Amino acid sequence: KKTMLFNPVESVDFTGNTGPFIQYTHARIKSVLRKADESGISIGAEVFQFADFMPKEKNLLVLLHAYPTLLKQAADNRSPALVANYLYELAREFNQFYQACPILRETDADRRLFRLQLSAFTARMICKAGGLLGMEMPEKM
């Protein structure tokens, strides 16, 4: 018989594989989007054709693209753990992207807009996947 211990300190950790880490990532994205809006930068609906993605942009795009397949696997296997693991990986990958690729400080307007749109889409995916697990995603933390 296995015993699971609840550690209150770990349960609210903003790093690692925790709910607050994922929620904080969502709040961080929303903060960036608010700052863009306050600066008069509209993310609009334009779609850009880039050929020179940065490695962290590619990694995030690949992970976002994998969601529908992962969701089908989770449903077929009746495994919400697959969604939970994906959600953690998405938050982790976004944070790496955020560290490696300037968003609001990017001087190329098209690249900045692409990164803002990528961030907004990531926030929507975090909300969707988190919603399937009963998690609420705050706008601010």
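Q: What pLDDT does the chain average?
A: The chain averages 88, on a scale from 0 to 100 that gives the predictor's confidence in each residue. At least 70 is reached by 85% of the residues. This is a predicted model, where local features need pLDDT of at least 70 and side-chain atom pairs 80 or more, while totals for chains, interfaces and linings use all residues. Residues are numbered from 1 along each chain as its sequence is written, and side-chain values use heavy atoms, without hydrogens and water.

Q: Where is confidence lowest, and where highest?
A: Helix H1 (residues 8-11) is lowest, at a mean of 46. Helix H4 (residues 67-76) is highest, at 97. Helices are DSSP runs of H or I, at least four residues, numbered from the N terminus.

Q: What makes the span of H6 close to the expected one?
A: The expected span is 1.5 Å times one less than the number of residues. H6 (residues 109-132) has 24 residues, for which 34 Å is expected. Its first and last C-alpha lie 35 Å apart, so the two values are close.

Q: What caps the N-terminal end of H6?
A: Asp-108 does, with a side-chain oxygen 3.2 Å from the backbone nitrogen of Asp-110. Just after H6, Gly-134 has a positive phi of about 80 degrees.

Q: Which helix supplies the largest share of the lining of the second largest pocket?
A: H2 does, with four residues. H5 (80-100) also supplies at least two.

Terms used: A polar contact is a pair of N or O atoms within 3.5 Å; within protein, one must be able to donate a hydrogen and the other to accept it, and residues adjacent in sequence count only if both atoms are side-chain atoms.
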